[in-house]
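Subject: Structure handover

Hello,

Here is the structure I promised to pass on. My notes follow below it.

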Amino acid sequence: MAVSIKTEDEILKMRVAGRLAAEVLTMITPHVKAGITTDELDKICHNYIVDVQDAIPAPLNYHGFPKSICTSVNHVICHGIPGDKKLKEGDIINIDITVIKDGYHGDTSMMFHIGKTSIIAQRICANAREAMLIGIDLVKPGIQLGDIGHAIQQHAEAQNFSIVREYCGHGIGNVFHEDPQVLHYGEPGTGLVLEAGMTFTIEPMVNVGKRHIKQLPDKWTVVTKDRSLSAQWEHTILVTNEGHEILTLREDETI
Ligand code: MF3
Ligand code: CO
Ligand code: CO
């Protein structure tokens, strides 16, 4: 499938959806504390998206996913299903929010620390965010996706961390996951040439240990095969004539 170029009207809707997704992360932040279950986080987010934002939580029933958000704790890489386990001091958790508003998607995730976390937990979370930001910074018309993937991979591997290969960023619009695939590794000077009006996510998953993954029997939860910690951050990006716009930037977020 060809990569879609969004119209002005679609871009306006993507801006709204992106802002709403970001606002869910801001809203949930004070709740992400030791003692709360990921089910409770799911419920709070679900109700906020549906009742306050008058929007739709995209993960719910997406290819059979049973909840409204993804919660990925410690060695869970992505697609963790909210459940009855309580967060505890020292955990790290990724919360991934995707909302649909007026038919368009906004997709963003971030890491949270529960109380005091280990130095390695802090390093992996910081590295994954930096990797995402390095990728975002390169986005402008004319640059290639391989340039972005390469820069992200370099940043992780420079600190002896590894990049997950089985999951990638994606085009996004009135479809949750559309072309292009945005790999978080690769070779400079290869891949799709970006054009203004493209919208896609950048969402690197970085492991402390090896890159290899394992899928749990629930068919969703993806964990590191070696059980090492993993971190991920995600933004939805618009390519503009001048460069890019982060559609899911939080009000309090500095880049
Ligand atoms: N939000 C995830 C992404 O960044 C996708 C979650 S799909 C689900 O692409 F079904 F697991 F929710
Ligand atoms: Co995504
Ligand atoms: Co996401």
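Which residues of strand E9 (residues 199-202) are buried on one side, and which on the other? Thr199 and Thr201 are buried on one side of E9, and Phe200 and Ile202 are buried on the other. Both faces of the strand are thus covered. Bear in mind throughout that this is a predicted model.

E9 is joined to strand E14 by four bridges, and the two run antiparallel. Thr199 has Leu238 of E14 as its bridge partner.

Strand E2 (residues 70-73) is also covered on both faces. Cys70 and Ser72 are buried on one side, Thr71 and Val73 on the other. E2 pairs with strand E4 (residues 92-101) in the antiparallel sense, over four bridges. In that pairing, Cys70 stands opposite Asp96. Asp96 comes up again below.

**The cobalt pair**

The two cobalt ions, ligand 2 and ligand 3, are 3.3 Å apart. Asp107 coordinates both.

Take ligand 3 first. Its protein donors are Asp96 (OD), Asp96 (OD), Asp107 (OD) and Glu234 (OE). They lie 2.1 to 2.3 Å from the ion. So Asp96, which faces Cys70 across the E2-E4 pairing, appears twice in the donor list of this cobalt ion. Along the chain, the donors of ligand 3 follow the spacing D-x10-D-x126-E. The site links distant parts of the chain: Asp107 sits in strand E5 (residues 104-113), and Glu234 in the loop between strand E13 (230-232) and strand E14 (235-239), 127 residues apart. Asp107 and Glu234 are both buried.

Why is the arrangement around ligand 3 irregular? Six donor atoms surround the ion, and they subtend angles of 58 to 166 degrees. For reference, ideal angles for six octahedral donors are 90 or 180 degrees. An octahedral label would need opposite donors over 155 degrees apart and all other angles between 65 and 115. The 58 degree angle falls outside those limits, so the arrangement counts as irregular.

Now ligand 2. Here the protein donors are Asp107 (OD), His170 (NE2), Glu203 (OE) and Glu234 (OE). Their distances from the ion run from 2.0 to 2.3 Å. The spacing along the chain is D-x62-H-x32-E-x30-E. Distant parts of the chain meet at this ion too: His170 is in strand E7 (residues 169-171) and Glu234 is in the loop between E13 and E14, 64 residues apart. This cobalt ion also has six donor atoms, with angles of 51 to 161 degrees, which makes the arrangement irregular.

His170 has 6% relative accessibility, so it counts as buried. Glu234 has 0% relative accessibility and therefore counts as buried as well.

**Ligand 1**

How many residues surround ligand 1? There are 14. The closest are Pro59, Asp96, His177, Glu203 and Glu234. Several cobalt donors appear here: Asp96 is a donor to ligand 3, Glu203 to ligand 2.

Three polar distances may be useful to you. A nitrogen atom of ligand 1 is 3.1 Å from a side-chain N or O atom of Asp96. An oxygen atom of ligand 1 is 3.1 Å from a side-chain N or O atom of His170. A polar side-chain atom of Glu234 lies 2.9 Å from an oxygen atom of ligand 1.

**Two open sheets**

One open sheet has three strands in the order E3-E12-E11, with antiparallel pairing. Strand E3 (76-78) and strand E11 (213-215) are its edges; each has a single partner strand, so one side of each has no neighbour in the sheet. From one strand to the next, the twist averages 40 degrees. E3 pairs with strand E12 (residues 222-224) over two bridges. Cys78 has Val222 as its bridge partner in E12.

The other open sheet has three strands in the order E6-E10-E13, again antiparallel. Its edge strands are strand E6 (162-163) and E13, each pairing on one side only. Three bridges join strand E10 (residues 205-207) to E13. Met205 of E10 stands opposite Gln232 in E13. The loop that carries Glu234 lies between E13 and E14.

Best wishes

Definitions and conventions:
Residues are numbered from 1 along each chain as its sequence is written. Chains are lettered from A and ligands numbered from 1 in the order in which they are written. This is a predicted model: local features need pLDDT of at least 70, side-chain atom pairs count only at pLDDT 80 or more; totals for chains, interfaces and linings use all residues. Side-chain values use heavy atoms; hydrogens and water are left out. Buried means under 20% relative accessible area, exposed over 50%, partly exposed in between (1.4 Å probe, protein chains only). Two strands pair if DSSP finds at least two bridges between them. Donors are N, O and S atoms within 2.8 Å of the metal (3.2 Å for Na, K and Ca); water is not among the atoms, so sites may look incomplete. Four donors count as tetrahedral if all angles lie between 85 and 135 degrees; four count as square planar and six as octahedral if opposite donors are over 155 degrees apart and all others between 65 and 115; anything else is irregular. Axes are lines fitted to C-alpha atoms, for helices over the stretch in contact, and angles run from 0 to 180 degrees between N-to-C directions. A residue is near a molecule or strand if one of its heavy atoms lies within 4 Å of it. A polar contact is a pair of N or O atoms within 3.5 Å; within protein, one must be able to donate a hydrogen and the other to accept it, and residues adjacent in sequence count only if both atoms are side-chain atoms.
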